[in-house]
Amino acid sequence: MPAPNDSTSSASPASAESASSVNSTAEIGFSPAEIEPRWQAAWAAQPELYAAEPPACGKPKYYALEMLPYPSGKLHMGHVRNYAIGDALARHQWMRGYNVLHAMGWDAFGLTAENAALKTNTPPREWTLPNIAAMRVQMGRLGFSYDWQREIATCLPEYYRWNQWFFLKMYERGLAYRKKSKVNWCSECATVLANEQVVDGCCWRHEDVPVELRDLEQWFLRTTRYAEELHNDLDQLEGWPEKVRTMQRNWIGRSEGALVDFAVQPKEELAPRDEPIELHLTERALEDSPDTITVFTTRIDTIFGATSLQLAPEHPLVKQFAASDSTLAREVEKMLEQQKSAREKDALGTLEKLGVPTGHFARNHFTDELLPIWVENYVLLDYGTGAIMAVPAHDARDYEFAQKYNLEIKIVVLPRRTETDREESGEGKHAKPESALPYIEEDSMLINSGSFDSMGCEEAQKAMAAYAQEKGFGKPVTTYRLKDWGVSRQRYWGTPIPMLYCEKDGIVPVPESQLPVLLPEQVDITQQGGSPLGRVPAFVNTTCPKCGGAARRETDTMDTFVDSSWYFYRYADAKNNNAPFDPAAAAYWFGEQGIDQYIGGVEHAILHLIYSRFWTKMMRDLGLIKNDEPAHRLFTQGMVIKNGAKMSKSKGNVVSPDDMIARYGADATRMYALFAAPPDRDLDWQEDGVAGISRFLSKVYRFTMQHLARSIAGRGQALPATLSPTERQLMRKLHQTIRRISNDFEGRWHFNTCIAGIMELMNDLISSDSAIASGAVHPAVLYTATRNLILLLQPFAPYLSAELWSQLGETSALLRTPWPVFDEALATEDSIGIPVQINGKLRVVITVPVGTGEEQLREAALAEEKIQNAVQGKQIAKVIVVPGKMVNLVVK
Ligand SMILES: [Zn+2]
Ligand SMILES: [Zn+2]
């Protein structure tokens, strides 16, 4: 693997079997500090232990994946929890006989490294690579089962060259394009942000820095080409949290409606358009011809009720009007200021609605009426076309506005009346127009709408959009809120965009044979404005591959979300130097359903998870993969908090994994991360709890070691044909625990209750301690209980289970030992408590064998002393028996 300072290479070459020191001096103290490093070294010395096998192995495949971390230099507890979940799952799947792919990598480009570099005067590469090494050591200590031969680091050329390769492929297909546009700019990041990276008007990395709009030439990836598919395929992702699917649906924002042109006066009427109206609304508004206002509406059925047109202050037409109207120019300036400050306070929704008439008019082609054109502070350029038709009678916001400015209100939709209503009132088919305004129900009919009168709203929407299309002043459209992904970043620590600019040939892609375009080292990255790469002449100045003349390289780098959009495909074939990965390897590991289980934070619900879905569809269309979606199952774990708050340096409530490991060991730390809360909920870290887990592990260790010789004596022996009550109870508890944990891995993943189950089993074993010591428990029973206890612990506490496995004299690889199968008969309780009631009141609970029939149950209830006393001298009118549930006596 390309990553430097491989911590595993210096590990001692001890084999797994020799790692355990069988100490006959038998001082039974549990010491994670002694056990864990010994096993860690043994595992590091056998990389094949966690290595995915080739498809020829014949086993079913299982791809378990946790989101890769940013190499900040230190794992935090959120990481530990995320990886402990994935690790338990991967280990369980190995034991179930799967060929498991479980790999790890580093999302290593990005601003944190660049900013740290500025602070410490260390080049980002020199800051990042040691951080990776340090975190790899931490992961090793935690005993995570990663196939390190597949490790990737996105900042290394052997990885990022494929970002560049994909970029060229997308450019060839029109999926990557460059254009000047208004872009989001974060002054703190000193770079452009994608729409997905703007949260409530602020930068996703700087919650209190409002995003500015700047006009810049930028590279975009055409995510909108997949908008429909990204929307529709969400329906298939039933293994995703509903919350995440809803967030994506809202982000993609599909809505059906129509584009309609209004002709600005006094210019002459427009001839029908030759070109189809583009789908991309904002672009279209910006390129709008000065004599047309295009409006997007979901309610074209109300167009006969439009009484004004309203433009966003930034609409190009407003600029044009304002150029010859200084009063209007001042008002527009004011509105822009208001919008900006409202955006900063995240208060756009509560902005007081203000408008100014421009004095211009536009023609409604449906009615031939002239409508006044207004500028409004609540119309936003980034929604729709930046222009709306106001229909006060049938839109709440337009109604409020029309009342404020005394604009005309025309009713064109009324409730549909039923036959009965009409007969009773003796009226026509419409209700009276005094229905409460604004009237917005769509289950209604049109009036005052020319030839569309009497149509239902939905019917009219279709008919009117078709009419507009036929006449050349509109068309039906499905629009998406999703925009293309702006990927240019004016920063250093990212993938260079493989494009050149030649005076003669314009934009020229770097030929594939010249990849990778290497990121130069020793670059001055102080923020003087502009891309740092622009200040490296040796990088910028190059030769045009087309004409051989001088050319300049693109100096922006790619958004680092590009890196994480496809990293998990690289795990399938991490060392490929000829392609991002071998399609055959991807076909094996991804199949048609993608990753079998993806685990990560819900904070990636939009950004990473939309981009990687887009990337997957793009790669499928390149013929590299067959799956439509990266992962059909997604699990989002809760946060790790402390004292009710998110851990942060400023709050001083950060718990360091290293500290916990030093005090309690890795097993206790990771097991507590699984035990303290169901994995999808937030977990409030309590050190007492880790200490409690540590004591439990110590109990397991002491118990096993105390009875080691007797357990070993039971290996190979059959269980006695008849079990004593103690033996029966132990076997029952064991099989109940196996059943519980097996079911939980299949379904709800409540590892906290799994671990609680193991604790209960342990308690039962400890309460049989004296019976075991006195030889009253058959060695085969003890061996079976101990061996399975170790197997059950393996996904949660790999060190202790490895140690005890070896102490028990087992020579097979624990991780490849089949997961225990529960025996339903053994798991079944022998006896059951049945409540006995008299006249519906509980009197006593009797214990009977499971499966006791109706007649025997009646006899047992009547034989009970308390019941006999209670019914003495009374008449039993009726005995109601529900086998397995209850007995009720009706007594007079
Ligand atoms: Zn920022
Ligand atoms: Zn050229």
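In this predicted model, R38 and E803 are both buried. Their side chains form a salt bridge with an N to O distance of 3.1 Å. The contact links distant parts of the chain, R38 belonging to helix α1 (residues 32–44) and E803 to helix α27 (residues 798–807), 765 residues apart.

A salt bridge also pairs R489 with D559, with 3.1 Å between the closest N and O atoms. Here too distant parts of the chain are linked: R489 is in strand β20 (residues 488–489), D559 is in the loop between β25 (557–558) and α15 (561–564), and the separation is 70 residues. R489 has a relative accessible area of 7% and is therefore buried; D559, at 3%, is buried as well.

The side chains of R732 and E829 meet in a salt bridge at 3.7 Å, N to O. Because R732 lies in helix α23 (residues 725–746) and E829 in the loop between α28 (824–827) and β31 (831–838), the pair ties together parts that are 97 residues apart in sequence. R732 is buried, with a relative accessible area of 7%, whereas E829 is partly exposed at 39%. Salt bridges with shared partners join E229, D233, R613, K617, R620, D621, D628 and E629 into one network. The whole structure contains 45 salt bridges.

The zinc ion (ligand 1) has as protein donors C186 (SG), C189 (SG), C203 (SG) and H206 (ND1), at 2.0 to 2.3 Å. The 4 donor atoms subtend angles of 105 to 112°, so the arrangement is tetrahedral. The donor residues follow the spacing C-x2-C-x13-C-x2-H. C186 lies in strand β5 (residues 176–186) and C203 in strand β8 (residues 202–203), so this pair ties together parts 17 residues apart in sequence. Both C186 and C203 are buried.

Terms used. Residues numbered from 1 in each chain as written. Chains lettered and ligands numbered in written order. Predicted model: local features only at pLDDT ≥ 70, side-chain atom pairs only at ≥ 80, totals over all residues. Heavy atoms only, no water. Donors = N, O, S within 2.8 Å, 3.2 Å for Na, K, Ca; no water. Tetrahedral: all angles 85-135°; square planar, octahedral: opposite > 155°, others 65-115°. Helix = DSSP H or I, 4+ residues; strand = E, 2+ residues; numbered from the N terminus. Buried < 20%, exposed > 50% of the residue type's maximum accessible area, 1.4 Å probe, protein only. Salt bridge = Lys/Arg side-chain N within 4 Å of Asp/Glu carboxyl O.
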